[in-house]
Amino acid sequence: MKKIVAALAALAICATALITPALAQDKKFTVALVPGLTTDGFYITMRKGAQAAADALGVTLVFQGAPDFNPVTQVPVLDAVIAKKPDAILIAPTDKVQLVEPLRKANDAGIPVITVDTFIGSGVYQTGAGEADFPLSYIASDNILGGEIAARALAKAIGDKGKVYVSNVKPGISTTDQREEGFKKEMAANHPGITVLETQFNDNDANKAASQLQAVFARNSDLVGVFGANLFSALGAANGVQQAGQTGTIKVVAFDAPTSIVDNINTGLVDVAIAQHPAEIGYFGVVSAYAHLTGQSIPVAIGTGFTIMDKSNIADPNISKYLYSE
């Protein structure tokens, strides 16, 4: 955590120093932001943060992505972006293996690559080892920490005892893999009264997540909690809880916080939401790209924070400001 704070502080100082002389730059840089998908509030909020930094630095921001979170649809978009030869690319890779070679094309073409939200390979860059360490930086929430925070929140909600499970998308997505890892790590280390059942993978299908919840409950009548590793997983599981007549008994912790989560929390559909700070990710992404393009060094990893939302604080403006844009 100290390293994260130090990195953010250093980059903030760098940003302050760079913004003033931005108007004097002869070259106007173009930075492309390729999101995981274009229609999600998380990435819409990330774009707003990126645009704020671009406006301050005199950078042209190009936002181009696919309508779904899928490497099959993201790669052609990435190829089209590379063909336009931007000065740098910020991208949320939709698969940590399948996007390595497509992104290598950008790197080989001399276009700096920074990954945001998700990563390729191990997410540890600039080590000189491995086939996927060429991006300059990885800027994102610390998803292992996010999973740990979710575990603590769920443990508190269920009185630190009982059976729970993780509703996840599918293996191979860096962020949700790490959230599950952090959740299980925290439960195993600090919550001996809680049993974590087998993870259920729903392929980002909320209806499937709902059916899985009911199936798990049918096998485990003492189920008391579920952690949705992304929003579709959480809301699907929450609908399953409602359909099983267990609202309030089976607690639901959701990862991510669009504005619609307010009603979900107030009605009791969702008990806790873990909000990331995507605007910060976009902002620091553009600042990092600009710093590199103007000859400055940048951190190889920058972590952004989380905000825990529940019925007790969701109306607080200091909390609700972290809701994602629609």
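Helix α8 spans residues 231-243. At 1.5 Å a residue, its 13 residues should span 18 Å, and its end C-alpha atoms are 18 Å apart, so expectation and model agree. The model is a predicted one. Three topics follow: helix α8, an open sheet with its helices, and the residue T45.

**Helix α8**

- Many residues can be named as buried here: L231, S233, A234, G236, A237, A238, G240 and V241 in α8.
- What covers these buried residues? The cover includes the strands β6 (162-168), β9 (223-228) and β10 (251-255). It also includes the helices α7 (206-219) and α9 (261-266).
- Just after α8 comes G245, which takes a positive phi of about 70 degrees.

**The open sheet**

- Six strands form an open sheet, and their pairing is parallel. The order is β2-β1-β3-β4-β5-β12.
- Which strands lie at the edges? They are β2 and β12 (301-304), and each pairs on one side only.
- Neighbouring strands of this sheet are turned by 20 degrees against each other on average, with direction ignored.
- Strands of a sheet pair through backbone hydrogen bonds, either parallel or antiparallel.

**Strand β1 and its partners**

- Strand β1 covers residues 30-34. It is mostly covered: four of its five residues are buried.
- On one pairing, β1 meets strand β2 (residues 60-63) in the parallel sense over four bridges. T30 stands opposite T60 in β2. V31 stands opposite L61 in β2.
- How does the chain get from β1 to β2? It crosses through helix α2 (residues 41-57), and this β-α-β crossover is right-handed.
- β1 also runs parallel to strand β3 (residues 88-91), joined by four bridges. The bridge partner of V34 in β3 is I91.

**Strands β2, β3 and β4**

- Side chains alternate along β2. L61 and F63 point to one face and are buried. T60 and V62 point to the other face and are not buried.
- Strand β3 runs parallel to strand β4 (residues 113-116), and three bridges join them. In this pair, I89 stands opposite V113 in β4.

**Helix α10 on the sheet**

- Helix α10 (residues 278-293) lies across β1, β2, β3, β4, β5 (137-141) and β12.
- At what angle does α10 run to β5? The angle is about 165 degrees.

**Residue T45**

- T45 sits in helix α2, the helix of the crossover from β1 to β2.
- Is T45 buried or exposed? Its relative accessible area is 9%. Buried means under 20%, so T45 counts as buried.
- The T45 side chain reaches the backbone oxygen of G41 at 2.8 Å.
- Leaving out residues up to four places away in sequence, T45 touches P278, A279, Y324 and S325. Of these, P278 carries the number at which helix α10 (residues 278-293) begins.

Technical notes:
Residues numbered from 1 in each chain as written. Predicted model: local features only at pLDDT ≥ 70, side-chain atom pairs only at ≥ 80, totals over all residues. Heavy atoms only, no water. Buried < 20%, exposed > 50% of the residue type's maximum accessible area, 1.4 Å probe, protein only. Helix = DSSP H or I, 4+ residues; strand = E, 2+ residues; numbered from the N terminus. Pairing = 2+ DSSP bridges. Right-handed = clockwise from strand over helix to strand, strands pointing away. Expected span 1.5 Å × (residues − 1). Contact = heavy atoms within 4.5 Å. Axes fitted to C-alpha atoms, helices over the stretch in contact; angles between N-to-C directions. Polar contact = N/O pair within 3.5 Å; in protein donor to acceptor, adjacent residues only side chain to side chain.
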